[in-house]
Each structure stands twice: as structure tokens, then as C-alpha cells.
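Trainee: Could you take me through one helix pair in close detail, and then show me what else is worth a look around it?

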Number of protein chains: 2
Amino acid sequence: MSRRRRHSRRRHSEDQKKEPLFKPLPGLRGGQYKPLSQEEVKQIHRASLAVLEQTGIEVMSSECREIFKDAGAHIDEDNNRVYISKAMVEHALASAPNEVMLCGRDPKYDMHLGGTRVYMGTGGAAVKVLDLDTGHPRPSTLADVAEIGRLVDVLDNIHFYLRACVARDVPSENLDLNTYYASLANTSKHVTGNCYAVQSVRDVVEMAGMIAGGGDKLKERPIISATICWTVSPLRFAPETVEVLTEVVRQDIPVFLSSAPQSGATSPAALAGTLVQINAEELSGVVYTQLVKPGAPIILGYVPSVSDMRTGNFVGGAPEFALMHAAVCQLGQFYQLPVYNSSGLTDSKIPDIQAGYEKGMTGLAAALAGANYIHHSAGFLESMMTVAYEQFVIDDDINGSIMRMVRGIEVNDSTLSVELIDEVCRGEGHYLGTQQSLQLMNSEYYYPHTGDRQRRGEWEEKGGLTMWEAARTQAKHILATHRPAPISPEVDAKIRERFTILL
Amino acid sequence: MSRRRRHSRRRHSEDQKKEPLFKPLPGLRGGQYKPLSQEEVKQIHRASLAVLEQTGIEVMSSECREIFKDAGAHIDEDNNRVYISKAMVEHALASAPNEVMLCGRDPKYDMHLGGTRVYMGTGGAAVKVLDLDTGHPRPSTLADVAEIGRLVDVLDNIHFYLRACVARDVPSENLDLNTYYASLANTSKHVTGNCYAVQSVRDVVEMAGMIAGGGDKLKERPIISATICWTVSPLRFAPETVEVLTEVVRQDIPVFLSSAPQSGATSPAALAGTLVQINAEELSGVVYTQLVKPGAPIILGYVPSVSDMRTGNFVGGAPEFALMHAAVCQLGQFYQLPVYNSSGLTDSKIPDIQAGYEKGMTGLAAALAGANYIHHSAGFLESMMTVAYEQFVIDDDINGSIMRMVRGIEVNDSTLSVELIDEVCRGEGHYLGTQQSLQLMNSEYYYPHTGDRQRRGEWEEKGGLTMWEAARTQAKHILATHRPAPISPEVDAKIRERFTILL
């Protein structure tokens with residue numbers, strides 16, 4: 001061993017202590033994958049402008065239509081059509097903020113949506129849960145919203161909590177507020193929700209203000225946001241939902257402009273055509289919300305979907321789905337506005353190998369494309385119908401692996417290792433004990449918590465479990481042990497006094 | 001319904017007949033994913049040149065070393081080191097062909113490696129097979145090499161056959177020839193193999209020539225190629241294997257220069273350092289083979305591998321593995337030489353959800369990066385230890401989905417659908433019966449053959465199978481029914497007369 005080599009060695013244990021285990025950070029930069037050329041992005045943009053100018057959107061007589069009218073949009077009242085000019089779009093794009101901050105109850109979970117920074121989390125509105133004990137599907141409940149929140153709270157690679165299932169045991173008049181409450185009470189990460197009525201927007205904002213320490217504090221540090229699906233594709237504004245959207249914007253709550261046309265059904269079968277239509281829908285939403293309140297914090301909510309055209313069934317695990325969800329990131333980057341999209345859906349009913357590859361591929365595509373807020377990316381099975389506790393654990397490992405890929409390869413004089421290669425080739429001939437190996441072993445590599453890397457013998461000795469089985473044990477362990485940081489008892493008491501809290 | 005709309009409609013059945021079901025074509029162009037910047041590619045290139053010039057490679061006294069010496073390489077005979085200058089590398093890069101054609105017995109399976117054209121297939125040297133009946137691992141045999149060939153022959157998204165398991169029941173002196181024979185006899189797709197001795201190269205070439213219709217015909221249409229792992233990382237030429245490599249090159253057989261250092265063990269723990277070292281190894285192979293025969297058809301054989309640094313275990317499903325296998329495509333594109341790499345490995349022992357996401361992610365990364373010959377991408381489990389018949393069926397669906405993503409999104413006036421959107425928005429409000437939907441339903445979408453898209457009720461009625469179970473049935477069905485195009489009986493008789501054929 002050369003003098004230089006000996007000098008560069010350290011004791012194993014000493015070095016291991018120094019470097020914390022690598023955890024992929026939320027907000028790493030994507031953008032390494034670009035399914036469209038820059039010219040194709042512009043073609044889609046121009047086609048969307050043509051659609052908004054020539055075809056327009058359908059808006060019934062309403063406050064919304066008056067707002068468009070006052071702004072100078074051309075209105076065809078007989079046919080309820082509103083035509084949006086290129087100038088109006090450009091004006092709105094200029095006033096919408098390029099970055100939107102979403103906060104956690106704990107500031108360490110704050111997210112800065114924009115650019116190509118990637119965050120992955122939950123989402124959806126499943127109506128069933130695979131029961132953790134029986135393995136069979138049953139209707140989802142408010143307790144599930146809470147319990148899944150606890151899982152999200154502890155899983156590192158799920159960066160935010162958008163309720164993934166519907167509390168079917170809660171009456172509709174209490175649903176929105178109780179869903180937000182159950183989420184906020186069970187995780188310190190950012191909470192996104194949904195409101196189905198103007199009054200519930202006001203209630204939710206009031207409650208969140210109480211938790212945040214006042215309405216002004218909530219505006220400074222929005223611990224909640226809302227996803228509002230205000231369109232009915234193709235290109236129609238949904239009258240009641242638009243009222244909810246208007247209220248959310250007026251209340252200064254960051255809002256996801258969610259639109260989910262299904263190619264071949266509610267948007268063209270050609271993927272490019274679906275992108276044109278959804279982009280026109282998104283731009284109409286940007287124009288509208290910026291008219292309601294210039295500078296309102298909005299996030300483009302592209303959810304282009306796919307139907308299996310042989311059956312009409314919605315399919316979430318399709319390659320065409322992944323392609324479009326990567327492409328929309330390029331649109332958002334072109335407009336310099338944050339993007340909400342989707343990955344992690346599967347058409348399998350159970351956590352089997354199909355669920356794995358569909359989740360891996362759709363997640364990787366969205367993340368490498370630089371999506372800012374990838375919802376649906378934990379917990380889902382059976383397209384958007386079912387969630388499973390163990391699936392959140394599995395998806396956390398999938399997301400960890402994806403985020404490691406988003407981080408990419410560091411290239412600099414040290415990592416290029418020219419001197420180290422020389423030293424090893426002239427010396428011992430292997431890298432096992434080198435300082436670099438000891439230093440990087442915990443920071444350069446992602447180690448799965450549930451994925452298996454044992455040799456077959458060890459794996460068999462421990463029961464030869466599928467990852468599905470191993471994750472079930474993990475999920476039970478978390479639910480048995482993890483207690484999230486609670487809402488302060490005083491605030492909680494006040495919330496319970498003011499509102500009907502069912503949890 | 002408008003006149004125009006009615007005019008544009010056709011009868012469902014009529015249109016369905018017109019368009020054949022979409023099958024992703026082999027050789028679609030990747031390159032949409034670039035983990036490295038162009039400057040980083042150059043940094044790695046420059047560092048590799050520095051390694052070759054300053055550190056050099058270890059070559060024992062041999063014909064190979066004489067060849068380097070005659071070409072003017074600086075040799076340190078005392079330390080068995082050969083130093084390769086930048087000029088020698090550039091000279092070799094200029095003489096190596098930018099494209100390499102690999103042929104099938106059936107010309108429809110010909111592959112044109114180069115650029116960013118993507119082909120996915122099998123590979124590896126598993127020593128175990130999951131028995132299709134018992135589900136338990138058992139030693140692999142020559143019959144397995146043949147039977148897997150039959151599966152490959154019929155599965156559309158496996159584009160070539162590199163034997164995936166070792167015929168452990170064949171004595172080593174008969175192994176190479178019999179493995180090639182069992183492969184060639186069972187698929188009309190291109191066959192890659194391995195030779196462990198100079199004589200077996202000569203035998204294999206003679207046999208392949210008989211099948212191709214003569215030695216000249218074999219050179220015109222190489223129905224076989226060889227993968228030769230001539231290095232022992234870091235940067236050592238393996239004396240005996242180099243002799244085999246030399247013979248393959250002299251016989252004009254296309255050769256994959258396979259090198260597989262393991263980061264943290266036989267190459268640096270820093271991913272960038274592993275890329276520098278493997279790239280230096282590859283360049284040394286390019287220089288050597290081009291010295292043996294200028295213009296020899298070679299393929300860069302980058303197989304950068306990862307060890308779990310906590311245990312030293314080889315891991316094939318890691319995100320770092322996927323990252324490096326995408327990065328090496330950029331190196332090949334920089335040199336304008338074809339690239340062989342790897343994906344589709346998993347560290348799971350069974351076709352479970354872990355196997356799914358590890359395969360989906362590694363495969364997608366390699367393919368979107370534009371790898372020309374992705375081996376390992378069907379059949380594998382337990383890193384590189386085990387293959388399973390049903391896994392080939394599953395991986396065919398995974399590869400189909402990946403190739404659909406490689407195809408990307410067509411953007412042109414027709415697919416942008418501006419007129420169609422106008423027509424539908426002013427008319428019926430949905431796209432189900434439009435001419436575009438009927439025309440594109442079979443060409444725009446990939447439909448899995450084994451992946452499940454049924455509604456839960458139907459799926460439960462049919463037994464509620466995992467994809468693993470469904471694939472087992474499919475594999476049994478193929479093996480019971482598929483008869484590949486045979487080698488002509490006359491030629492086969494001559495081969496059996498000339499050689500010891502054990503099948």
C-alpha cells in the first residue's frame with residue numbers, strides 16, 4: 001500500500017458516523033426528460049390560443065361571465081360562448097406568480113413550487129380502501145383520511161397530503177371541513193383539499209386560520225391549498241364549481257386549476273390534440289382567476305387522462321398517460337408557471353408486478369420532466385378507485401428511488417475521480433476501503449426501506465415475503481407507533497366549539 | 001349534428017379493420033432523456049482520456065501487448081502497463097463504424113444499431129430458473145435456453161435473443177456451440193452469445209455460416225454476434241478472454257465490448273467516477289479492436305453496476321444503476337458509436353411489485369436515453385441469478401409500454417386537432433364517435449396483452465389473478481403452441497454430423 005493510499009484511509013466506523021443517510025430532498029430539480037421539442041411546445045401553445053380565440057369556452061350567464069365581459073372578452077350570449085384573445089392570455093400570464101409557496105404546519109415541510117422543482121405526494125378521491133387486515137376492499141371513511149395522514153406524516157418521499165380517499169361516512173354538509181381537519185390534525189406536511197360549496201371555503205379558511213395563528217398568518221404561510229376542477233371538458237365552465245373557485249381565489253388560498261379530459265372521450269384521441277385542449281382549458285382558468293384577483297397564487301392543473309378505447313374504461317397506468325404528464329411539464333416551464341399533474345396510478349387491483357411497473361414508469365416520467373406537484377403518486381390501486389395502506393409504504397420507496405434519479409449525477413473534479421482511479425490501479429486494485437467509498441456510501445445511494453436486497457437464503461429464512469406482504473407489516477407498525485405533532489389543545493378546543501368535528 | 005360532422009363519421013367496424021393494432025416497432029428513436037449536460041459528457045470524456053494516458057491499462061506480455069506496441073503505444077514492461085494516447089483513441093474512433101447491422105434468420109428482425117435507435121432484449125447468465133410448474137428455483141439447462149428462445153421468438157417487444165441462462169447440464173467443451181445452436185434453432189430473431197475459447201469461436205462461426213448459407217453470407221448478414229467481457233475492472237485486460245476477443249474480431253463477427261465494473265468495489269463509489277473508468281475501459285477496447293482490424297463492427301458495452309455498499313451485494317434494480325445506464329447512452333452518442341447496456345434487472349426474488357417498479361424504471365431510463373441494444377431487459381429476477389418463464393411474458397408488456405413512450409407524441413396539424421375541437425365543442429360535446437377516434441384507437445395506444453384493465457367485477461369473476469399468475473398461464477400457452485421457423489433439415493443434419501449437438 002502506498003504512503004498516499006494509507007494517508008487517505010480512515011476507520012470505517014468513524015466515516016460512517018459523519019455522513020447522514022441519504023434521503024432524497026423534496027424539491028430537487030427535474031427537467032432531464034423532454035418528450036417534446038421546444039418547437040412542438042410552441043405549436044401546442046399556438047394551437048391552444050387559436051382554440052380560445054376561435055372556439056372559445058362555454059360559460060353560462062353568471063358573475064363569471066360578467067367578469068369576462070367587463071375585461072373585454074367577446075361574448076356570444078345566445079350560445080353561451082366566451083372568446084378569449086391572445087392579448088388577454090398574455091396579460092394573465094404576466095400577472096400570475098411564477099412561484100407558489102405551500103407551507104406545512106412544520107416549516108421544514110414548506111414547498112416552493114416553480115421551475116423544475118419536483119414534489120411528489122398523494123391525491124385523488126378513492127371510494128374504497130383495501131382493508132389492512134382482510135385485504136378486501138371496503139368503503140373509505142373519515143378514519144381512513146386521518147390514518148393515511150399519519151402514514152404520510154412519517155414517510156419521507158411523500159411530500160404533501162392531498163386526501164386520497166373520500167370520507168363516505170360523513171354527510172356532505174360536513175365533508176369538506178372534516179376532511180381538511182382530519183388531514184391537518186394528522187400530518188405537519190402541507191394539506192391540499194377540495195371544497196364543494198362557497199360556504200365550506202369560508203369555513204375551511206376560518207379553521208385553517210385558527211391553526212395558523214390568524215387569517216394574516218395563513219396568507220403569509222398557506223398551510224392549506226385547494227384543488228378545484230372547474231371545467232367540464234371539452235372547454236365548459238361548470239357553473240357551481242366556478243363559484244367555489246372564485247371564492248378560493250378571493251380568500252387568497254393557493255389553488256390548483258384541475259382539468260382532467262379523457263383522450264378519445266372528452267378530448268381528442270390524438271395525444272397532441274388532448275394537450276392542445278387541456279392547455280386551452282388551463283389558460284382559460286389562468287385568465288379567469290387573474291381577472292378575479294391579479295397576482296392570485298395559482299398552479300396549472302394538467303390531468304390529461306386516457307381511456308382504453310376498446311372499453312371506454314379510464315386507465316391510469318398507460319404509457320400514453322405518462323407521456324402526456326411529462327409533456328405538460330414542458331408547457332408549464334414554457335409559461336414559467338408551476339405545474340400540478342399526476343403519476344402513480346395503476347389499473348391493477350392489487351399491489352402486484354403490474355402496479356409496480358405502471359407506478360415506476362408514470363412516476364419517473366413526471367418527475368424527470370420536472371413536475372412541481374405530482375399528486376396521486378402514493379397509495380392508489382384500481383385506477384382511482386381504491387387506496388391501500390401498504391401501498392403508501394411501497395410508493396414511498398418508489399418515490400425515493402425516483403427522487404434519487406431526479407437528483408442525477410454530480411460531475412466535478414472530485415467525483416470524476418481521476419486521481420483515485422490512478423491510485424487504486426497502481427495499488428490494491430479495488431475501491432472498497434477508499435476514503436471516497438466510505439464517505440459516499442451513505443450520501444450517493446438510496447437504500448430502500450421495504451424493497452428487498454437480501455440474498456435468496458436470507459430472504460427465504462425471513463419468510464420469503466413479497467414486497468406487498470412486507471409493506472403490510474410496515475404500515476401496521478407505523479400506525480401502531482407514530483403520533484404526529486398535534487394541533488394545540490386550545491386551538492383544537494376552539495375549532496370543535498365553532499364547527500362540527502366528527503373525528 | 002352538423003353536416004360536416006356527419007360527413008366525417010364512419011362505421012365503427014369499417015374503420016377498425018383499416019388500422020392494424022399498434023405494435024411498438026423495434027428501433028424507435030430515444031434520446032428524450034439526458035441525465036448529463038453536454039459539458040458533463042465532455043468532462044467525462046476528457047477525464048477518461050487522462051486516465052488512459054496517465055494511468056493506462058494493465059496488459060500482460062501477449063500478442064495483444066505486441067499489437068499495442070507495434071501501434072506506438074508507450075509500454076511499461078516492468079509493470080505491465082500500456083499507456084494509450086489521445087491520438088490513438090481518436091484514430092480508433094474514426095475507424096470504428098457508426099452503425100452496426102445485426103440480422104435475424106428472418107430479415108424482418110434485422111436491427112440497425114446506431115444513433116438513438118432503441119432495441120430491447122434478453123441477456124445475462126442466470127444459473128437458476130423458476131420452475132414453471134413448482135414456482136421453485138432449479139438449475140438452468142440447455143432445454144431452458146431452447147424453450148426461452150421459443151418465448152422470445154413470439155414476443156413482439158423482445159427484439160433479440162442473448163441467452164439469459166447458462167446450460168448447466170452441458171460440459172464446458174460443448175457449451176458455447178450448443179448454446180448458440182439452441183438459440184438459433186428456436187428463434188428467427190438475432191442471436192448473441194458468448195465464447196470462452198478461441199476454438200469455440202471458430203466452431204460457432206462455422207456453424208452459423210452453415211445456417212446463413214455460407215461464410216460470405218454470414219459476413220453480409222451476421223445472424224450472430226458475441227458479447228465478450230475482456231476486462232477485469234479496474235482497467236485490466238483479461239489475458240485469455242482477450243484472445244477470444246481477437247479471434248471474434250478477426251472472424252468479422254460483430255462484438256459487444258462488455259465491461260461491468262461495480263461502483264464502490266471495482267470502480268469508484270462516485271457515479272461520475274465509475275463512468276470515467278468504464279469509459280476509459282471501453283475506449284481501450286475500441287483502440288485494441290480497431291488495431292486488430294480497422295473498421296471491425298464493435299458495439300460499446302457499458303454495464304456500470306452498483307453494489308449495495310452496506311453489504312457488498314450486487315444490486316440491479318437501483319436508481320443509481322438506471323442513472324448510469326442512461327448516462328452511457330450519451331457517451332455513445334457523443335462518440336457516434338452504438339451502445340449496449342442493461343435494464344430490467346430487479347433485486348426481488350419473485351415477480352412482485354418491487355420487480356415491477358425496478359424493471360419499469362430502469363427500462364424506461366435506458367430506452368428514453370436512446371440505448372441501442374438493451375440486454376437483460378426480459379426474464380430476470382434476483383439480480384442476475386434467476387430467470388422465470390412468466391417473467392419474459394410480463395417484461396414483454398413492460399417493454400411494449402416503454403417502447404410506446406419512446407415513440408413519443410406526434411405533433412402536426414392533424415394531431416393538434418384544432419378543427420376537430422371546434423367541431424366537437426359546437427356539436428355533440430364528445431369525441432367518442434369521431435373519425436379521428438376510430439382511426440387512432442388502434443394506432444395511437446398500446447394495449448397490454450397480460451396487464452389487466454378490467455373493472456374489478458370482471459377481474460374478480462375471472463379469478464382475481466395477479467399479473468404473475470396471468471403470465472404463467474400465457475407462458476404455458478405459448479410453450480404448448482408456438483413452433484418457431486426451423487433450421488432447414490438438410491443444414492441441421494450437416495450441423496449434427498459436424499458437431500456434438502446435445503439438443
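**A helix pair in chain A**

Mentor: α6(A) and α7(A) are roughly parallel to each other (angles under 35 degrees count as such, over 145 as roughly antiparallel, 65 to 115 as roughly perpendicular, the rest as oblique). Bear in mind that this is a predicted model, where local features need pLDDT of at least 70 and side-chain atom pairs count only at pLDDT 80 or more, while totals for chains, interfaces and linings use all residues. Residues are numbered from 1 along each chain as its sequence is written, and chains are lettered from A and ligands numbered from 1 in the order in which they are written.

Helix α6 of chain A covers residues 142-154 and helix α7 covers 172-184; the two pack at about 30°, their axes 8 Å apart. Helices here are DSSP runs of H or I with at least four residues, and strands runs of E with at least two, numbered from the N terminus. Axes are fitted to C-alpha atoms, for helices over the stretch in contact, and angles run from 0 to 180 degrees between N-to-C directions. The crossing of α6(A) past α7(A) is right-handed (near helix turned clockwise from the far one by less than a right angle; anticlockwise is left-handed). On the α6(A) side you'll find L142(A), V145(A), A146(A) and G149(A), which meet N178(A), T179(A), A182(A) and S183(A) of α7(A); contact means C-beta atoms, placed from the backbone, within 7 Å.

Now click on Y180(A), which also sits in helix α7 of chain A. Y180(A) counts as buried because 26 C-beta neighbours lie inside 10 Å (20 or more is buried, 12 or fewer exposed, in between partly exposed). Beyond four places in sequence, Y180(A) touches V191(A), G193(A), V204(A), M207(A), A208(A) and I224(A). As for E147(A), 33 residues away along the chain, its C-alpha atom is 13 Å from that of Y180(A).

For a second pair, go to α13 (353-368) and α14 (389-407) of chain A: they pack at about 40°, with axes 10 Å apart. Contacts from α13(A) come from K359(A), G360(A), G363(A), L364(A), A367(A) and L368(A), and among their partners in α14(A) are D395(A), I398(A), I402(A) and V406(A). Here too α13(A) passes α14(A) in a right-handed crossing.

A367(A) turns up again in the largest nonpolar core, which has 337 residues: A365(A), A367(A), A365(B) and A367(B) touch the most other members. Such a core is a set of buried Ala, Val, Leu, Ile, Met, Phe, Trp, Tyr and Cys residues joined through C-beta atoms within 7 Å. Over in chain B, contacts of A367(B) outside its sequence neighbourhood of four places include G30(B), V118(B), M120(B) and I374(B).

Last, some backbone oddities. Most residues other than glycine have a negative phi, and most peptide bonds are trans. S233(A) and P234(A), though, are joined by a cis peptide bond with omega about 0°, and P234(A) belongs to the loop between β13 (231-232) and β14 (236-237) of chain A. S233(B) and P234(B) also share a cis bond, with omega about 0°. Then L235(A), not a glycine, has a positive phi of about 60°; L235(A) lies in the loop between β13 and β14 of chain A, and counts as buried because of its 29 C-beta neighbours inside 10 Å.

Technical notes. Two residues are in contact if their C-beta atoms, placed from the backbone, lie within 7 Å.
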